Amino acid sequence: MKSYYQQKKGGWTLEPVIYAKTVKQIRCYRFFRRILDEGGETGGTEAGLEVARKADGAPAQGSSSQPDLATARRYVEAVDLGLKRYVPEVYRKAVFAHMVDGVEYTDLEETSFASASTLKRYAQVFVWGVAEELGEIFPKNTDIGTGS
Amino acid sequence: MSDVRKGSLYQNQSLVREYAIDTLEESRDNHFRRIEGEHWTAFVGSIKEYGVVSPLIIRKKEGASGQYEILAGHNRRDGAVEAGLKTVPCIEVAADDVDASILIGITNRQREEVSDLEWGWAYRTALEALKRSAAEDGDAKAGQPIVRIESARAESARTDKAPVRTGERSIDIVARKFGVSRRTAQRKIRLTYLVPQLYELGEKLKLPQKMMIEFSYLPAVTQINLAQAIVIERITPTQEMAAQLRSAAERELRSATAREEPAAGELSIDEVLRICMRYGEAGAEADKSRPDAAARYEIPEDLFPEELPKDKRQGYIIMALNYMREHRPGAGK
């Protein structure tokens, strides 16, 4: 099975479109992070964003596809929160390296003391968690958790 | 409510009229599963052959003229759409939210396989509608009813008197309407506070309802983390584990409240795993049930280094055994 395919078992399977979209958004983490950092350095002005866009060869200002500071912050926070909430600390680095930097599980197995199957499962929960943080999942029963 | 018992309504043919299918909308309070698979094919086949025999029960949708909400007959409506029908027979009732949610529940009572969760949702929607309605005391109901639904509250609205206060709690009223005990209604309502992943796991592993109820008090994120621990780390939950998780979540909530932080008692994934590994059983029960399961050996936890992940233990043991073989007296001779 390809490493970027979804795990079908476990209850964290997403709609294929949502899964693909979320994986791509996670892959863009460093791009969004740079926009946020450089936007932040210049006081959050558009000038900082322009620097980041030029550096990444992103579309020029005025294009509808360019991310703004708020969008970048939303994606970065979703990835950070997804990682913190749903992935145990011991696996965080490895899952992040696979999902964001595309490091293969076989390489991560040696450095992270975790099997590929464990990492795959946590990576799946991580993608599900990011989709959840981004509001991509619409459960029928929205009022879950601590009820009276 | 007694007048809208399914039998008495269906027997009154003068109430049945044909309604266009595209004016009928799904009820958001309907949490009952739809017919699936070969049963669905047979169901649609019968509609194609005989049409919709039993009329649907509907009510006018508030704020949308000409649209109706289905209270009973979601499958029949979908089947009729698939069979290519343009209209279906319906009985229009003037039901408020409370009566509507109870109608949805009681019309599904005769179904063979209704899960505890589906009943939980039926009780919960009725309970919430009742509480909402109690909060809106005195609001006159607009519109002339076609079929009057009797209830203490409807009666009070009609006679313009203060609502009847019987001293009965909302949950007692719901339990009485559905013909179950209060405890049963409360227990099943608790199941609706479980995240789907955890509920499905509970069903699959046949976890006791008492344990599932303990889990239902955990915040949603903690429940997700718990489901991860059960699936990925192969933990078999125990009652003690459930109690420990709940008390840890409550402690977290109290300390967050003291710190004036907007937390909901969420435990971190590492904390959940720690409690699960300490109080749960590491897959022992599941393995014992398999006749061909390999022998298991109990190894004290403190023999392993703290930083060693569980899935690397086998390699560690092999290394240790190799070391012992190489270093046993006379091994080099």
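Helix α9 of chain B, spanning residues 196-205, has five named buried positions in this predicted model: B:Q197, B:L198, B:Y199, B:L201 and B:G202. These buried residues of α9(B) pack against α5 (116-135), α8 (182-191), α10 (209-216) and α11 (220-231) of chain B. Just after α9(B), the backbone at B:K206 adopts a positive phi of about 55°.

**Strands of chain B**

Strand β4(B), residues 68-72, is largely enclosed by the rest of the structure, because 4 of its 5 residues are buried. Two strands pair with β4(B) in opposite senses: β2(B) (residues 24-25) is parallel to β4(B), whereas β3(B) (residues 56-60) is antiparallel to β4(B). Within the pairing of β2(B) and β4(B), B:L24 stands opposite B:Y68. On the β3(B) side, B:R59 has B:E69 of β4(B) as its bridge partner.

Strand β3(B) also pairs with β5(B), and these two run parallel; here B:L56 is bridged to B:C90 of β5(B). Strand β5(B), residues 87-92, pairs in turn with β1(B), residues 16-20, in the antiparallel sense. In that pairing B:A20 lies opposite B:T87 of β5(B). The pairings of these strands are set out below.

| Strand pair | Sense | Bridges |
|---|---|---|
| β2(B) and β4(B) | parallel | 2 bridges |
| β3(B) and β4(B) | antiparallel | 4 bridges |
| β1(B) and β5(B) | antiparallel | 5 bridges |
| β3(B) and β5(B) | parallel | 3 bridges |

**Chain A**

Chain A contains 7 helices and 0 strands, so that its elements, read from the N terminus, follow the order α-α-α-α-α-α-α. Of its 148 residues, 36% count as buried. Among contacts in chain A between residues at least 6 apart in sequence, 64% connect residues at least 24 apart.

Two packed helices are described by the angle between their axes and the distance between the axes. For α4(A) and α7(A), the axes come within 8 Å and cross at roughly 130°. The angle lies outside the ranges for roughly parallel, roughly perpendicular and roughly antiparallel, and α4(A) and α7(A) are therefore oblique to each other. Their crossing is right-handed.

The contact between these helices draws on A:A78, A:V79, A:L81, A:G82, A:L83, A:R85 and A:Y86 of α4(A). From α7(A) come A:V125, A:F126, A:G129, A:V130 and A:E133. By class, the residues of this contact of α4(A) with α7(A) comprise 8 nonpolar, 2 polar and 2 charged.

**The contact between the chains**

Chain A contributes 22 residues to the contact with chain B, and chain B contributes 24 residues. On the side of chain A that touches chain B, α4 (69-86), α5 (89-101) and α7 (116-133) of chain A each supply at least two residues. The helix that gives the most to this side is α7(A), with 4 residues. The side of chain A that touches chain B is made up of 11 nonpolar, 8 polar and 3 charged residues.

Helices α4(A) and α7(A) thus appear in two settings: they contact each other within chain A, and each supplies residues to the side of chain A that touches chain B.

Key
Residues are numbered from 1 along each chain as its sequence is written. Chains are lettered from A and ligands numbered from 1 in the order in which they are written. This is a predicted model: local features need pLDDT of at least 70, side-chain atom pairs count only at pLDDT 80 or more; totals for chains, interfaces and linings use all residues. Two residues are in contact if their C-beta atoms, placed from the backbone, lie within 7 Å. Ala, Val, Leu, Ile, Met, Phe, Trp, Tyr, Cys and Pro count as nonpolar, Asp, Glu, Lys and Arg as charged, and the others, Gly among them, as polar. A residue is buried if 20 or more other C-beta atoms lie within 10 Å of its own, exposed if 12 or fewer, and partly exposed in between; C-beta atoms are placed from the backbone. Axes are lines fitted to C-alpha atoms, for helices over the stretch in contact, and angles run from 0 to 180 degrees between N-to-C directions. Angles under 35 degrees count as roughly parallel, over 145 as roughly antiparallel, 65 to 115 as roughly perpendicular and the rest as oblique. A crossing is left-handed if the near helix is turned anticlockwise from the far one by less than a right angle, and right-handed if clockwise. Two strands pair if DSSP finds at least two bridges between them.
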